[in-house]
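Subject: Structure handover

Dear colleague,

Please find below the structure that I promised to pass on to you, together with its sequence. After it I have written down what was found, with each term explained where it first comes up.

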Amino acid sequence: MDNLYQPIETQVLDIITETPTIKTLVLKPPHPIPFRSGQFMQLTLFGIGEAPFTPSSSPHELDTMEITILKAGHLTEVVHDLKPGDRVGLRGPFGKGYPMKKFEGKEILVVGGGVGLAPLRALLYALFHDLNKYPKISIKYGARNPSELSFRQQYEEWQKLKNVDFECTVDRGHAQWEGKVGLVTELLENTGIDLTNAYAVSCGPEIMLKFVTLKLLSVGFKPEQIYLSMNRKMSCGMGLCGRCNIGPYYLCKDGPDMNYAKIQVYPDVFG
Ligand SMILES: Cc1cc2nc3c(=O)[nH]c(=O)nc-3n(C[C@H](O)[C@H](O)[C@H](O)COP(=O)(O)OP(=O)(O)OC[C@H]3O[C@@H](n4cnc5c(N)ncnc54)[C@H](O)[C@@H]3O)c2cc1C
């Protein structure tokens, strides 16, 4: 990255509507922007502002970059009105990314909530890229209702991969919904994961992260085995402005994916 402050002008190639509130931007940067899964970008809407988003595409496929965005407020509403051919800016990548070396040889439990599956999809692609390195990859995903399940067309293909299992649940079903109903924490009761050789990784709303963490601890995970995506409000992305710290850690620089053992002592971990 030459200049951390200079957005790279990037074309919106395509827009995929994932759910009524979530869209994926398929972006075509002028040159590949290498990133590690878990690292994030600052997306600039010229004249409007910028906000942090983690790519949802594979770190091994850099011709395009996908970013999956929930309509949450001022900037993301404008994002949802973008059209193919529009131009946006990208700065980054920022943050550390997941400790992929540490994950090698381990069973990986991936727990997503809502749009939280988007950042985790980059991790999934990275894990799938070296499938033989992981004895088991177990994906648990929860959304508010069936229409809010992101990437639905991919679940079958994920389930077919060697040593990968996928399970989802919704808070509220409907007459045609034949899947599970309940919170994602209910999928963590009997995962069949070997707790002596596993890491759990979770991304989702803060309240979900809290209860996922409590459940993981109650089924026997140790704090050191849990990584949480702390997607707090961030501004500079470089550890300069001090907007996103937990204790001595700047989430933009030391995270955003934090080992729970490092942050568990701070009272504001879950907001
Ligand atoms: C490292 C990182 C990675 C992220 N990755 C993604 C992603 O892949 N996809 C995605 O949809 N979102 C992601 N987010 C959240 C995204 O940055 C916010 O949703 C966005 O900044 C909201 O901007 P806005 O102007 O539309 O909302 P605003 O008008 O600023 O706020 C609207 C509402 O959203 C809340 N909000 C604002 N920022 C955040 C935040 N960072 N986290 C939680 N709530 C927030 C506000 O409190 C308010 O209630 C990520 C955040 C971080 C820090």
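To begin with one residue, D130 is partly exposed, with a relative accessible area of 27%, where buried stands for under 20% relative accessible area, exposed for over 50%, and partly exposed for what lies in between (1.4 Å probe, protein chains only). K133 is partly exposed as well, at 35%, and D130 forms a salt bridge with K133 in which the closest N and O atoms are 3.8 Å apart; a salt bridge here is a side-chain nitrogen of Lys or Arg within 4 Å of a carboxyl oxygen of Asp or Glu.

Before going further, please keep in mind that this is a predicted model, in which local features need pLDDT of at least 70 and side-chain atom pairs count only at pLDDT 80 or more, while totals for chains, interfaces and linings use all residues. Residues are numbered from 1 along each chain as its sequence is written, and side-chain values use heavy atoms, with hydrogens and water left out.

Salt bridges

Side chains of opposite charge can pair when their charged atoms come close. A search of the whole structure finds 12 salt bridges, and one of them joins K140 and E167, with the closest N and O atoms 2.7 Å apart. This pair links distant parts of the chain, since K140 is in strand β8 and E167 is in strand β9, 27 residues apart; helices (H or I, at least four residues) and strands (E, at least two) are DSSP runs, numbered from the N terminus. K140 is buried, with a relative accessible area of 4%, whereas E167 is partly exposed at 22%. Salt bridges that share partners also join K101, E104, D130 and K133 into one network.

Another salt bridge is formed by the side chains of E50 and R91 (2.5 Å, N to O), and here too distant parts of the chain are linked, with E50 in strand β4 (residues 49-53), R91 in strand β6, and the two positions 41 residues apart. E50 counts as partly exposed at 34% relative accessibility, while R91 is buried at 6%.

Strand β6

Strand β6 (residues 87-94) is mostly covered, as 7 of its 8 residues are buried. β6 pairs with β1 in the antiparallel sense over 4 bridges, and two strands are said to pair if DSSP finds at least two bridges between them. Within this strand, R87 is the bridge partner of Q11. Strand β3 (residues 40-45) and β6 also pair in the antiparallel sense over 4 bridges, and Q42 stands opposite R91 in β6.

Backbone details

Most residues other than glycine have a negative phi, and most peptide bonds are trans. In this model the peptide bond from G92 to P93 is cis, with omega near 10°, and P93 has its place in strand β6. A cis peptide bond also joins G255 and P256, where omega is about 5°. F151, although not a glycine, has a positive phi of about 55°, and F151 is buried, with a relative accessible area of 0%. N163, again not a glycine, has a positive phi of about 60°, but N163 is partly exposed at 39%.

With best wishes
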